[in-house]
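User: Hey, I've just opened this one and I'm new to it. Can you walk me through a few spots?
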Amino acid sequence: MPHKIESKLLLVDDLHENLVALDALVRGPQRTVFQAASGEAALAMMLEHEFALALVDVQMPGMNGFELAELMRGTERTRQIPIIFVSAAGRELNYAFKGYESGAVDFLQKPLDPHVVRSKVSIFVELYANRRALMREVEHQSALVHELEAARQELERAVRMRDDFMSMVSHELRTPLNTLLLESQLRKLHLARGHSASFTPQKLLEMAERDQRQIQSMVRLIDDMLDVTRLRNGRLSMKPQPCDLAVLAGRVVDTLRQQAESAGVALSLDAPAPVHGVWDEFRLEQVLTNLLTNALRYGGGEPVHVQVDSIDGLARMQVRDRGQGIAPEDQARIFGQFERAHGDRSPVAGLGLGLFITREIVQAHGGRIEVQSQLGEGSTFTVTLPREAPPR
């Protein structure tokens, strides 16, 4: 509101008694009065403060009031300050006309009428306060516009992410479902035609294994989506208990070894000594599984190596591949939601949630995950963990 805005007034006169008398007339609430005994001193104050009004004596030794006004009008910072000239000279000198020519907004003749002085000063103070209030409102409205624009862009991004996510989910779930549907239709056709040779124990085992892989693929997609929801709501369950990271890694590598062999990838583990700590075993298995699955996907068929050891009192897991690598500009982005190494151009299946979930699990353990990679030379993901997960 205008009445809450401070107004600074500048009084310029070479006579101290005139400054004191004028100060008594113009001083009031929300007003700060500055006094200058010369034009030079007034200019110095104007460069330091923003004034609502300057009351300037015309006849001063050295720089007179008109010369001061000309200098003020030539400087950007002082150009907008209203000037009221004060003079004791006779009207026959036509000072008022010259004052208006030099840019003054008013001219007061001595002896001063207190009521007139207070009235004129109040008008300019109110104009200044209204102008400042308007400027603040414009700035506020501009800030609101920027906030609304940022919110609009964020909303558009969220809508795009939602649409992309639904498209990816539909695609990723449709693939195993279509496979199961075709398999069931084929078996139904064999049964209808009496092809009992298609249902030998060995072939039934192969069918069950294929079905299991497709179902596990769908279960993993659904688990990833549920984990993201839990993370957003801060409800990701953590159950730390004593375990050996080397044993955990061996178990995960054995589980994925068949998948690696099917893809023609040599999967190796180097865990020469136990690495004990208090962690959520299931969640760390999830971390290593995500990292190994990515290495198998993006590794281009080259060997993948896992190493588990201790460094500086911390536990460490590393997954290294020799695949296509990750560009420097992508190395931070891939840990975001729905992000993949090559963005929308990635031909590799997946929702882009694995590394996001991995990072959140690692950070929930008080650890950190880093990637070192060069295009064409592969990638190394390093997980470093304290020996005990912090309480949640």
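User: How do α7 and α8 sit relative to each other?
Analyst: They're oblique to each other, because their angle falls in neither the roughly parallel (under 35 degrees), roughly antiparallel (over 145) nor roughly perpendicular (65 to 115) range. Helix α7 (residues 245-262) and helix α8 (residues 281-298) pack at about 40 degrees, with their axes 10 Å apart. Axes are lines fitted to C-alpha atoms, for helices over the stretch in contact, and angles run from 0 to 180 degrees between N-to-C directions.
Analyst: Keep in mind that this is a predicted model: local features need pLDDT of at least 70, side-chain atom pairs count only at pLDDT 80 or more, and totals for chains, interfaces and linings use all residues. Residues are numbered from 1 along each chain as its sequence is written, and side-chain values use heavy atoms, leaving out hydrogens and water.

User: OK, new topic: is serine 7 buried or exposed?
Analyst: Serine 7 is buried (under 20% relative accessible area, 1.4 Å probe, protein chains only), because its relative accessibility is 1%. It's in strand β1 (residues 7-12); strands are DSSP runs of E, at least two residues, and helices are runs of H or I, at least four, numbered from the N terminus.

User: What does serine 7 touch?
Analyst: Leaving aside residues up to four places away in sequence, its contacts (heavy atoms within 4.5 Å) include Gln30, Ala52 and Tyr128.

User: And what's the strand order in the open sheet of five strands?
Analyst: β7-β9-β10-β12-β11, with mixed pairing; two strands pair if DSSP finds at least two bridges between them.

Key:
Buried means under 20% relative accessible area, exposed over 50%, partly exposed in between (1.4 Å probe, protein chains only).
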